[in-house]
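Please open the structure in your viewer and set the display to ribbons. The tour below proceeds by selection, one region after another.

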Amino acid sequence: MKLFDVYPLQDVVIEKGEGCYVWDDKGQKYLDFYGGHAVISIGHSHPYWKKFITDQLDKIAFYSNSVKLPVQQKLAETFGRVSGKNDYQLFLINSGAEANENALKLASFHTGRKKIVSFSKSFHGRTSLAVAVTDNPKLRARVNENENIISLPFNDREKFEKVMKEQGNEIAAVIIEAIQGVGGIRVADSGFLKLIRNLCDVHGTVMIADEVQCGYGRTGKFFASDHAGVDADIYSMAKGIGNGFPLAAIAIHPKIKAKYSMLGTTFGGNPLACAAAIAVLEVMENEKLMKNAEETGNYLLEKLSQNHVIKNVRGKGLMIGFDVPGEIKDLRKNLLFKHHIFTGSASPDVVRLLPPLCISKEQADVLLNAIQLETSPLKQKEIEKLSVGK
Ligand SMILES: Cc1ncc(COP(=O)(O)O)c(C=O)c1O
């Protein structure tokens, strides 16, 4: 049987991981500035995380949401403490798309409305409503078409104000990434996030912060929207929450009331996934990983901005993007195959850095030196000579 061929793959077989490194099947070590797409938060195969999962496995791996599962309650308490959202309610699912699907559905239950505002270049996942609010028509099948979605330009206050003035009372939710990931590391202005909060309050609309990629400590604060001093009504989370163990969650403001059966899932919140997520939060606290994300992120942002070949260095903490001009279009490939450093991309000319939150300044220097080598004037001359010779 063949795998359904939907992923363009790098020609690398990864067999092992530890901390910020992974190894391929030939024993080659790589520095991981991609974190398996922002998923590895506390580092590959963290011993505390492994022990927590193994201890849980020795007790019970799975039981359904039809009985009391104390490990879920422990996760909710730990989450409330680390995130600072103690008064919110936690609902557990399995993926980022599912988190947004439930957040949007809940907003509609809560308001009794069906319109949703989303923004250009957004990515919210591939389930039906999540893909309908994602700004990429290529990802939508006919069955996902939805006339209730109002798509507005990102960071455009005037257009947003106009729509809220005219239709605010029909809009169930506004969904936004405080830093767009797939969209190319585009940071929402603090003023824009505050305006959304304000107009959602005026019109009784639910503000959903999609923190699947930008949240969970990656930017140095628990949520990327915390930088703007804004509290969303629902936060969606996935990726870093389990350090690779599949789990996702929404944190729900206390004004939104639960009713039996309004949401539900078989696998969401299973004991093994909860154990993984508790270990992640405890390691984040004990190893002060949010502080590290802020400090190492600032260091990277500052040093990358001094490079005159790469352009538009942007982001916050350990969620960084920059543009790659045509002359060094093979930068990512060279970083991977010559320097053995994994990075991410958002489009062919945008590099995304999404390393584990434990990445050190020394490891940052390894990446910076490799980029420096690939973009040095000497290298540029070599490239120019090559292209003239062609
Ligand atoms: C901001 C954002 N939301 C939602 C998703 C979807 O998450 P998942 O792939 O776990 O469904 C992603 C995935 O990249 C994302 O970046």
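Two strands are said to pair if DSSP finds at least two bridges between them. The model shown here is a predicted one.

**First stop: the seven-stranded sheet**

Select β4, β12, β11, β10, β7, β5 and β6, which in this order form an open sheet of seven strands with mixed pairing. At its edges stand β4 (89–93) and β6 (149–152), each of which pairs on one side only. On average, neighbouring strands of this sheet are turned by 20° against each other, direction ignored.

Now add helix α6, residues 157–167, to the selection; α6 packs on the sheet and touches β5 (115–119), β6 and β7 (171–176). The direction of α6 makes about 155° with that of β6.

Within the sheet, colour strand β10 (residues 206–210) and strand β11 (residues 234–237). Three bridges connect β10 and β11, and the two strands pair in the parallel sense. Which residue of β11 stands opposite Asp210? Showing both side chains will lead you to Ser236. In a regular strand, side chains alternate between the two faces of the sheet.

**Second stop: the ligand**

Select the ligand and its surroundings, a shell of 14 residues. The closest are Gly96, Ala97, Gly125, Val212 and Gln213. Which helix gives the most to this shell? The answer is α4, residues 96–111, which contributes three residues. If you colour the shell by class, you will find five nonpolar, seven polar and two charged residues.

**Third stop: the four-stranded sheet**

Next, select β1, β2, β3 and β15, which form an open sheet in that order, again with mixed pairing. Because β1 (14–18) and β15 (341–342) stand at the edges with a single partner strand each, one side of each is left without a neighbour in the sheet. The partner to examine for β15 is β3 (residues 29–32): these strands pair in the parallel sense over two bridges. Here Leu31 stands opposite Ile341 of β15.

**Last stop: a hairpin**

Finally, select residues 311–316, strand β13, together with residues 319–323, strand β14. The two strands run antiparallel and are joined by four bridges. Label Arg314 and look across to β14, where its bridge partner is Gly321. Then move to the turn: two residues lie between the strands of this hairpin, and Gly317 takes a positive phi near 55°.

How values were computed
Residues numbered from 1 in each chain as written. Predicted model: local features only at pLDDT ≥ 70, side-chain atom pairs only at ≥ 80, totals over all residues. Near = placed C-beta within 6 Å. Nonpolar A, V, L, I, M, F, W, Y, C, P; charged D, E, K, R; others polar. Axes fitted to C-alpha atoms, helices over the stretch in contact; angles between N-to-C directions. Contact = placed C-beta atoms within 7 Å.
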